[in-house]
Amino acid sequence: MNKVEKTVLAKILNYCMEVASGEALLRFCEKKISAVHGGDPSDYAVLEMPELFRKTVEYLQTNFPGYTFAGASYDHSVATALWELSNETDLLQEYRELLEKHHLQTDGLKAGLRLTTSDVGYSGANLYPLLFVGSGAKILPLGSPLKLEHKNGASLEKFDSQLNLLYAQYGKALSNLEKMMSLILLHPVNAMLGVMKRIGIPKKIAMEVAENFQQQYGETCCSAYEVYLGITEAEHILMRDEPEGAKIVKMEENIARAVHIRWKDYDLAGEMKW
């Protein structure tokens, strides 16, 4: 349906609305209907955006007093904000020790948090633990977020519960990265391309990422962690070419999926075909 012209799509949706049964929850924005949700609270629960962001800031003020605001974006489909959690030496001490153990760089390492939410069904109220790595503050997603979907009676109280799980989520995520540091890939460029195809990185961006990685590392063996760090370059390439909020969020989500990939399945010799 997204491929038809907007005027045709509007007619289709209006025809459906005329014959639909039951109740619906409509979201009005700028004098237009921007979303149609199920009318029962078990189908869609409203989580007001201002309250989600306010509660997140209050949590950071209490638990991460050195936090700083690092940016935000908003469009019709999604709103997202990013914070840097400065001065969290205890939180990152274990991670620094892991990097040193595997002879990897520890410079410019900071914890971070992204909150992403939507009123049109694009996203729940999702909390993404992440790291800022290196002098360029490259974003390193740490895997699965803490998710609160807009359904089953979701509430601000339940969102508070998710916030209270945040500190433990960092520890869980760092243990996943340790496994990647210990896994050596014999064919890192092929593994990189195979993983990027699997997680949905567009081919054009993936090829540029792989070329940049090969220029830096050549054909030498690398850890899955080093390859994953290279894959995060895809987000910066997208921001350079199409700096739209929803697309950036989706890219970051896709990259995070690579943490849970079976990397050895993609560590193959020969020519990699897309």
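Ring pairs link Tyr59, Phe64 and Tyr167 into a cluster. The model in which this cluster appears is a predicted one. The briefing below treats the aromatic pairs, then the nonpolar core with helix 3, the strands around strand 5, and the salt bridges.

**Aromatic pairs**

- Across the whole structure, the search finds 3 aromatic pairs.
- The ring centres of Tyr59 and Phe64 lie 6.2 Å apart with the planes at 55 degrees, so this pair is classed as tilted.
- Phe64 is buried, its relative accessible area being 0%.
- Tyr59 has a relative accessibility of 10% and also counts as buried, because the cut-off for that class is under 20%.

**Nonpolar core and helix 3**

- The largest nonpolar core holds 70 residues, and the members that touch the most others are Tyr95, Leu131, Leu177 and Trp263.
- Leaving aside residues up to four places away in sequence, Tyr95 touches Leu109, Leu131, Leu140, Leu174, Leu177, Met181 and Tyr225.
- Tyr95 is also one of the buried residues of helix 3, together with Leu91, Leu92, Leu98 and Leu99.
- Helix 3 covers residues 89-101, which makes 13 residues. From its first C-alpha to its last, helix 3 reaches 18 Å, close to the 18 Å expected at 1.5 Å a residue.
- The cover over the buried residues of helix 3 includes three strands, namely strand 5, strand 6 (125-133) and strand 7 (138-141). Helix 5 (166-182) and helix 8 (224-231) are also included in that cover.
- Just after helix 3, His103 adopts a positive phi of about 60 degrees.

**Strand 5 and its neighbours**

- Strand 5 is mostly covered, with 7 of its 8 residues buried.
- Strand 4 (residues 79-85) runs antiparallel to strand 5, and 7 bridges join the two. Across this pairing, Trp83 stands opposite Leu113 in strand 5.
- Strand 5 and strand 6 likewise run antiparallel and are joined by 7 bridges. Here Leu115 has Leu127 of strand 6 as its bridge partner.

**Salt bridges**

- The count of salt bridges comes to 11. Side chains of opposite charge can pair when their charged atoms come close.
- Asp160 and Lys55 form one of these bridges, with the closest N and O atoms 3.1 Å apart. Asp160 belongs to helix 4 (residues 156-164) and Lys55 to helix 2 (residues 49-63), so the bridge ties together parts that are 105 residues apart in sequence.
- The two partners differ in burial class: Asp160 is partly exposed at a relative accessible area of 27%, whereas Lys55 is buried at 16%.
- Glu235 forms a salt bridge with Arg114, the closest N and O atoms being 4.0 Å apart. This pair links helix 9 (residues 233-241), which holds Glu235, to strand 5 (residues 110-117), which holds Arg114, and the two residues are 121 residues apart. Glu235 and Arg114 are both buried.
- Arg240 and Glu208 meet through their side chains in a salt bridge with an N to O distance of 3.0 Å. Arg240 is in helix 9 and Glu208 in helix 7 (residues 203-217), 32 residues apart, and the pair thus links distant parts of the chain. Glu208 counts as partly exposed, at 25% relative accessibility.
- Glu51, Arg54 and Glu58 are joined into one network by salt bridges that share partners.

Methods: Residues numbered from 1 in each chain as written. Predicted model: local features only at pLDDT ≥ 70, side-chain atom pairs only at ≥ 80, totals over all residues. Heavy atoms only, no water. Core = buried A, V, L, I, M, F, W, Y, C linked by side-chain atoms within 4.5 Å. Buried < 20%, exposed > 50% of the residue type's maximum accessible area, 1.4 Å probe, protein only. Contact = heavy atoms within 4.5 Å. Phe/Tyr/Trp six-rings, centres within 6.5 Å; stacked < 30°, edge-to-face > 60°. Helix = DSSP H or I, 4+ residues; strand = E, 2+ residues; numbered from the N terminus. Expected span 1.5 Å × (residues − 1). Pairing = 2+ DSSP bridges.
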